[in-house]
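The exercises below are meant to be worked through with the sequence and the model side by side. Each task is followed by a solution that goes step by step.

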Amino acid sequence: MPLIKPFAGLCPAPGRAAAVAAPPYDVMNAQEARAMVAGRPLSFLHISRPEVDLPPDTDPYAPAVYAKARANLERLYTEGVLVRDPTARYYCYRLTMGGHVQTGLVAAASVAAYDAGRIKKHEFTRPVKEDDRVRQIDVLNAQTGPAFLVYRATPGIDQVLTRVSAAAPEVDFTAPDGVRHELWAIVDQPTIDGLTATFAALDALYIADGHHRSAAASRVAAARRAANPGHTGDESYNWFLSVLFPHDQMQILPYNRLVRDLQGQTPEAFLAQLAAAFTITPAPEPVAPQGPGQFGMYLAGRWFRLDLNPARSPIADPVRRLDVSLLQDQVIGPLLGIADPRRDERIDFVGGIRGLAALRARVDSGEWAVAFSLYPTQMDELMAVADLGEVMPPKSTWFEPKLADGLVSHCLD
């Protein structure tokens with residue numbers, strides 16, 4: 001079973017990429033999205049977050065929102081801002097964020113491989129978000145937000161991408177957040193065939209980010225197959241837009257936690273309870289944990305370093321030994337009374353890109369009682385969980401840099 005195939009992408013016309021490209025639709029709220037499109041009529045947010053062009057009180061899941069996305073996509077295509085490539089191809093995609101560089105492949109990934117578990121998950125999806133992506137794909141008849149997939153680093157693949165990216169890129173711009181985006185089309189047929197075959201020989205791919213996009217693509221494909229009894233399995237709807245990177249180039253930042261209250265305890269009483277499981281060390285500076293089993297905590301205007309007693313870590317269980325699980329099982333659940341972090345409004349999650357100062361500021365505001373900084377989940381940990389068919393706790397990983405929406409879209413012919 002092939003894992004990926006080339007496709008004829010819908011891309012910005014030459015010189016238009018910087019004006020079109022946008023952050024992923026789900027990394028900002030509606031107010032932030034409206035601010036981002038101000039003065040940017042070509043921004044892909046007009047397609048991925050079309051409510052920005054409708055009244056502020058518009059339900060983001062209303063039919064008018066998806067219709068507006070379709071109208072905006074057709075406008076950019078009609079105006080020549082977006083152009084369909086003439087032949088099926090892969091695309092080499094490089095992201096540079098400060099000193100971090102990662103180079104991957106834009107491809108159409110197999111829905112059949114996803115359904116069979118060869119493209120592996122590590123998160124649950126939320127029905128409302130999955131339904132939203134299904135409607136978006138159906139109305140646009142295109143997949144416009146790539147799933148972020150990872151493969152175990154393979155020298156043959158990486159050598160091809162190194163060779164391809166030695167040439168001048170066809171797209172090269174730096175986004176407002178400082179991330180540089182470069183793109184090369186791979187049109188040489190022997191290179192395309194070699195990449196397809198090398199990926200087909202891999203045991204699995206892993207979803208790093210984009211579980212809702214992947215699940216939605218699978219649902220759309222199932223519905224369209226049911227409506228097309230003569231389907232062959234090679235129709236474009238049986239594939240989904242993806243960007244694939246080697247696991248050893250990933251940069252995962254921590255996903256930190258805030259809790260609204262101490263469940264009636266004083267800070268002193270809470271610290272006394274923590275002492276049963278942790279060595280607690282006051283810290284003069286914000287604490288960025290230096291390894292697994294270590295946590296930072298900001299409480300009552302002070303930072304502390306928490307080192308978990310090793311006997312408290314279930315070494316044999318790849319899910320329960322994750323730091324996000326240890327914090328939940330040792331602190332947030334038993335001491336703070338939050339049994340379901342997916343739904344409890346007393347907890348919030350802060351991506352590491354926002355820094356430790358953001359944690360301190362939110363606690364100092366009085367709205368939140370305590371913040372915890374974590375050591376980042378590692379790619380090997382993610383893959384170990386996925387290999388067992390298990391699910392990680394919510395908000396376990398924050399990948400940086402983010403992929404841009406709008407550089408390549410996958411049309412469902």
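**Exercise 1. Describe how the side chains of β16 are arranged and covered.**

Solution. In this predicted model, start with the directions in which the residues of β16 point: Gln294, Gly296 and Tyr298 point one way, whereas Phe295, Met297 and Leu299 point the other way. This can be set beside a general rule, that in a regular strand the side chains alternate between the two faces of the sheet. Next, turn to the covering of the strand, where buried means under 20% relative accessible area. Six of the six residues of β16 are buried, and the strand is mostly covered.

**Exercise 2. Find the strands that pair with β16, and name a bridge partner in each.**

Solution. Begin with β17, which runs antiparallel to β16 and is joined to it by six bridges; within β17, Arg305 is the bridge partner of Gly296. The connection between β16 and β17 is a hairpin with two residues between the strands, and Ala300 in this turn has a positive phi of about 50°. Then move to β19, which pairs with β16 in the antiparallel sense over four bridges, and where Phe372 is the bridge partner of Met297.

**Exercise 3. Place β16 in its sheet, and explain which strands stand at the edges.**

Solution. Write down the order of the open sheet, which has six strands with antiparallel pairing: β15-β17-β16-β19-β14-β18. The edges are held by β15 (278-283) and β18 (347-351), each of which has a single partner strand, so one side of each is left without a neighbour in the sheet. Neighbouring strands of this sheet are turned against each other by 25° on average, with direction ignored.

For the β18 edge, the partner is β14 (residues 255-259), which runs antiparallel to β18 and is joined to it by five bridges, and the bridge partner of Val259 in β18 is Ile347. Although β18 is an edge strand, four of its five residues are buried, so β18 is largely enclosed by the rest of the structure.

Finally, add the helix that lies across the sheet strands: α11 (residues 323-332) lies across β14, β15, β16, β17, β18 and β19, and runs at about 50° to β16.

**Exercise 4. Which backbone features stand out at Gln263, Lys395 and Pro401?**

Solution. Take Gln263, in the loop between β14 and α10 (267-274); Gln263 has a positive phi of about 55° although it is not a glycine. With 45% relative accessibility, Gln263 counts as partly exposed.

Continue with Lys395, in the loop between α13 (379-387) and β20, where phi is near 55°, a positive value in a residue other than glycine. Lys395 has a relative accessible area of 38% and is partly exposed.

Close with Pro401, in the loop between β20 (398-399) and β21 (410-411). Here the peptide bond from Glu400 to Pro401 is cis, with omega near -5°.

**Exercise 5. Characterise the second largest pocket by its space and its lining.**

Solution. The space in the second largest pocket comes to about 550 Å³. Its lining is made up of 25 residues, of which Pro23, Val27, Met36, Asp177 and Lys402 lie nearest the centre of the pocket. Sorted by class, this lining has 18 nonpolar residues, six charged residues and one polar residue.

Terms used:
Residues numbered from 1 in each chain as written. Predicted model: local features only at pLDDT ≥ 70, side-chain atom pairs only at ≥ 80, totals over all residues. Heavy atoms only, no water. Pairing = 2+ DSSP bridges. Axes fitted to C-alpha atoms, helices over the stretch in contact; angles between N-to-C directions. Contact = heavy atoms within 4.5 Å. 1 Å grid on protein atoms, 1.4 Å probe; cavity = no way out; pocket = protein on both sides within 12 Å on 5 of 7 lines; lining within 4 Å. Points joined across faces, edges and corners; volume = space filled by probe spheres on them. Nonpolar A, V, L, I, M, F, W, Y, C, P; charged D, E, K, R; others polar. Buried < 20%, exposed > 50% of the residue type's maximum accessible area, 1.4 Å probe, protein only.
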